[in-house]
Amino acid sequence: MQNLTDVLASSSTPETLQSVLTVTTDTCIAISDALKQGSLAGILGMAGNENVQGEEQKKLDVISNDMLKDALSACPAVRAIASEEEDYIVPANTSGEYFIAFDPLDGSSNIDINAMVGTIFSIYRQTGDSPAVEEDFLIPGKEQVAAGYVLYGPSTMLVLTTGEGVNMFTYDPTKKVFTLTHEQVKVSQETQEFAINMSNQRFWSDNMQNYVNDLVQGSEGPREKNFNMRWVAAMVGDVHRILCRGGIFIYPWDNKDPSKAGKLRLMYEANPMAMLLEQAGGKAHTHTQRILDIQPEAIHQRVAVILGAANEVDKCLSY
Ligand SMILES: O=P(O)(O)OC[C@H]1O[C@](O)(COP(=O)(O)O)[C@@H](O)[C@@H]1O
Ligand SMILES: [Mg+2]
Ligand SMILES: [Mg+2]
């Protein structure tokens, strides 16, 4: 079976980009090893700080952020880094060719219950003669040259696109490599499952309430079929399920906090997942536009997210 290095070497991925992906995925293996140790490694619990978005950081948010930041800063091909857990961009090597944005640990609230978490990353090509500044990083998601995530579940999996479809790799701890296990994944067009945090229902728009009400009415409602609901509380887990067996994931606009356009972050969560979904034949939108077309205004910008099987995303948008 082919491993990640073979797959990248036989693709049109430039060697410099391969080096960024290798450093990223090697660091994710180290994060996976740390997670496996759990309480034994003293890495669970709160870090005692807040990130720039006012969220309390867990120790593992900080540890995984530092691991990725240190490894990627030392990679000559990396020009700058942006992270959900860093206030500002971190310039790395002026002669580097790539920007990498990441959510070092997605699904932080799952850490202490030993449930699914992941690392999400998004890579852009951007060169310049002087150290990178934040404005250089404000590139629409359609310009991504690679995106993916590593899911720390019962097995550790890498899901990757370099713009030539989506491949899934399973980490083989005996050989310490990611092995290609699911080639050219396509999102099923059949939607049986939806994922949305129903506890926010009263804050949604009327249109979103109507759409979800129609799903919940099942075979007695206008959709004339039954749906099931799933919520992993880690976007990485919900998106993985959609890539594996279809469905729709929604973190909609709501009026809970008018200063926020949504909960999820454009650069660390929405853009990389949108690229994966589109490369797998699915769709990813806000309530008003294609996510990959959004011109970012700030690195920590938030957006509404509706992604999954193309037909179902269209159906949702029709409301
Ligand atoms: O608290 P909620 O509404 O269940 O939110 C869950 C969502 O928040 C997130 O956990 C945010 O990610 P972080 O853990 O990186 O902050 C998403 O992964 C997930 O979809
Ligand atoms: Mg996240
Ligand atoms: Mg996070």
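Q: Donors are N, O and S atoms within 2.8 Å of the metal (3.2 Å for Na, K and Ca), and water is not among the atoms, so sites may look incomplete. With that in hand, which spacing do the donors of the magnesium ion (ligand 2) follow along the chain?

A: This is a predicted model, where local features need pLDDT of at least 70 and side-chain atom pairs pLDDT 80 or more, while totals for chains, interfaces and linings use all residues. Residues are numbered from 1 along each chain as written, chains are lettered from A and ligands numbered from 1 in written order, and side-chain values use heavy atoms, leaving out hydrogens and water. Ligand 2 is held by Asp103 (OD), Asp106 (OD) and Glu269 (OE), at 1.9 to 2.1 Å. Along the chain, those donors follow D-x2-D-x162-E.

Q: Which residue bridges the magnesium ion (ligand 3) and the magnesium ion (ligand 2)?

A: Ligand 3 takes its donors from Glu84 (OE), Asp103 (OD) and Leu105 (O), at 2.2 to 2.3 Å. Glutamate 84 sits in the loop between strand 3 and strand 4, 19 residues from aspartate 103 in strand 5. Strands here are DSSP runs of E, at least two residues long, and helices are runs of H or I, at least four, both numbered from the N terminus. The two magnesium ions lie 3.7 Å apart, and the residue bridging them is aspartate 103.

Q: How much of ligand 1 does the protein bury?

A: Polar contacts (pairs of N or O atoms within 3.5 Å) tie oxygen atoms of ligand 1 to the side chains of aspartate 106 at 2.6 Å, glutamate 84 at 2.9 Å and glutamate 269 at 3.0 Å. Taken alone, ligand 1 exposes 480 Å² (Shrake-Rupley, 1.4 Å probe), and the protein buries 86%.

Q: What is the bridge partner of aspartate 106 in strand 6?

A: Aspartate 106 turns up among the residues that come nearest to ligand 1 (a heavy atom within 4 Å puts a residue near), along with Gly107, Asn197, Met235 and Tyr251. Strand 5 (98-106) pairs with strand 6 (117-125) in the antiparallel sense over 7 bridges; pairing takes at least two bridges in DSSP. In strand 6, the partner of aspartate 106 is glycine 118.

Q: Why is one side of strand 4 and of strand 10 left without a neighbour in the sheet?

A: Their sheet is open, with 8 strands in the order 4-3-5-6-7-8-9-10 and mixed pairing. Strand 4 (90-91) and strand 10 (177-182) stand at its edges, so one side of each stays unpartnered because each has a single partner strand.

Q: At about what angle does helix 3 run to strand 5?

A: Axes are lines fitted to C-alpha atoms, for helices over the stretch in contact (heavy atoms within 4.5 Å), and angles between N-to-C directions run from 0 to 180 degrees. Helix 3 (59-73) lies across strands 3, 4, 5 and 6, and its angle to strand 5 is about 160°.

Q: In strand 17, which residue is the bridge partner of alanine 284?

A: The order 12-11-13-17-15 describes an open sheet of 5 strands, with strand 12 (228-229) and strand 15 (283-285) at the edges. Helix 6 (266-279) lies across strand 15 and strand 17, at about 25° to strand 17. Strand 15 and strand 17 (305-308) pair in the antiparallel sense over 3 bridges. In strand 17, alanine 284 is matched with leucine 307.

Note on methods:
A polar contact is a pair of N or O atoms within 3.5 Å; within protein, one must be able to donate a hydrogen and the other to accept it, and residues adjacent in sequence count only if both atoms are side-chain atoms.
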